[in-house]
Amino acid sequence: MRIIVSATAVEITYGYPNVYFNHFETIILFADDYYSTITGQYHEGEVNAAGAIVLAWRSFLSGFSDLADGRNLAIHEMAHALRLTNIVDNEEYDFIDR
Ligand SMILES: [Zn+2]
């Protein structure tokens with residue numbers, strides 16, 4: 001699980017030198033969709049500015065089952081992490097050309 005999640009982070013940061021998602025110190029994996037007491041809904045994943053990436057493993061894996069359907073939770077959440085890494089105050093800030 002660690003290798004596959006890490007590989008997804010590498011996939012989306014590939015080509016950005018010195019971008020390692022240092023802002024994100026916590027990755028939480030749930031077996032399946034999880035209930036958020038904040039939104040009152042079930043989630044497949046989320047990324048928050050406090051530094052956590054949260055993923056439902058079943059949805060994570062299903063994103064790789066059809067590479068042509070345009071749905072991939074892992075890439076989706078890592079894209080959120082990439083965007084936040086670029087805008088929150090951290091040592092990797094502001095690497096995307098505006
Ligand atoms: Zn999203």
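Reader: Before we discuss the sheet, when do two strands count as paired?
Author: Two strands pair if DSSP finds at least two bridges between them. The model is a predicted one.

Reader: On that basis, what is the strand order in the sheet, and is it open?
Author: The sheet is open and consists of 3 strands, in the order S1-S5-S4, with mixed pairing.

Reader: Which strands stand at the edges?
Author: S1 and S4 do; each has a single partner strand, so one side of each lacks a neighbour in the sheet. From one strand to the next, the twist averages 10 degrees.

Reader: And what packs on the sheet?
Author: Helix H3 does, touching S4 and S5. The direction of H3 makes about 10 degrees with that of S4.

Reader: In which sense do S1 and S5 pair, parallel or antiparallel?
Author: Strand S1, residues 26-30, pairs with S5 in the parallel sense over 5 bridges. Within this part of the sheet, leucine 55 of S5 has leucine 29 opposite.

Reader: And S4 with S5, parallel or antiparallel?
Author: S4, covering residues 45-48, is antiparallel to S5, and the two are joined over 4 bridges. Valine 54 in S5 is the bridge partner of glutamate 46.

Reader: How many residues lie between S4 and S5 in the hairpin?
Author: There are 3 residues between them. Glycine 51, in the turn, has a positive phi of about 115 degrees.

Reader: Turning to the interior, which residues make up the largest nonpolar core?
Author: That core has 12 residues in all: Ala9, Phe21, Phe24, Val47, Ile53, Leu55, Ala56, Phe60, Leu73, Ala74, Met78 and Ala81. Strand S5 (52-56) and helix H3 (73-87) each supply at least two of them. The largest share, 4 residues, comes from H3.

Reader: What does isoleucine 53 touch?
Author: Leaving aside residues up to four places away in sequence, isoleucine 53 touches Phe24, Ile27, Val47, Glu77 and Ala81.

Reader: Now the helices: at what angle do H1 and H3 pack?
Author: The angle between H1, residues 2-13, and H3 is about 60 degrees, and their axes are 9 Å apart. The two helices are therefore oblique to each other.

Reader: Is the crossing left-handed or right-handed?
Author: H1 passes H3 in a right-handed crossing.

Reader: Which residues make the contact?
Author: H1 contributes Thr8, Ala9, Ile12 and Thr13, while H3 contributes Ala74, Ile75, Met78, Ala79 and Leu82. Among these, Ala9, Ala74 and Met78 also belong to the largest nonpolar core.

Conventions: Residues numbered from 1 in each chain as written. Predicted model: local features only at pLDDT ≥ 70, side-chain atom pairs only at ≥ 80, totals over all residues. Core = buried A, V, L, I, M, F, W, Y, C linked by C-beta atoms within 7 Å. Buried ≥ 20, exposed ≤ 12 C-beta atoms within 10 Å, placed from the backbone. Contact = placed C-beta atoms within 7 Å. Axes fitted to C-alpha atoms, helices over the stretch in contact; angles between N-to-C directions. Parallel < 35°, antiparallel > 145°, perpendicular 65-115°, else oblique. Left-handed = near helix turned anticlockwise from the far one by under 90°.
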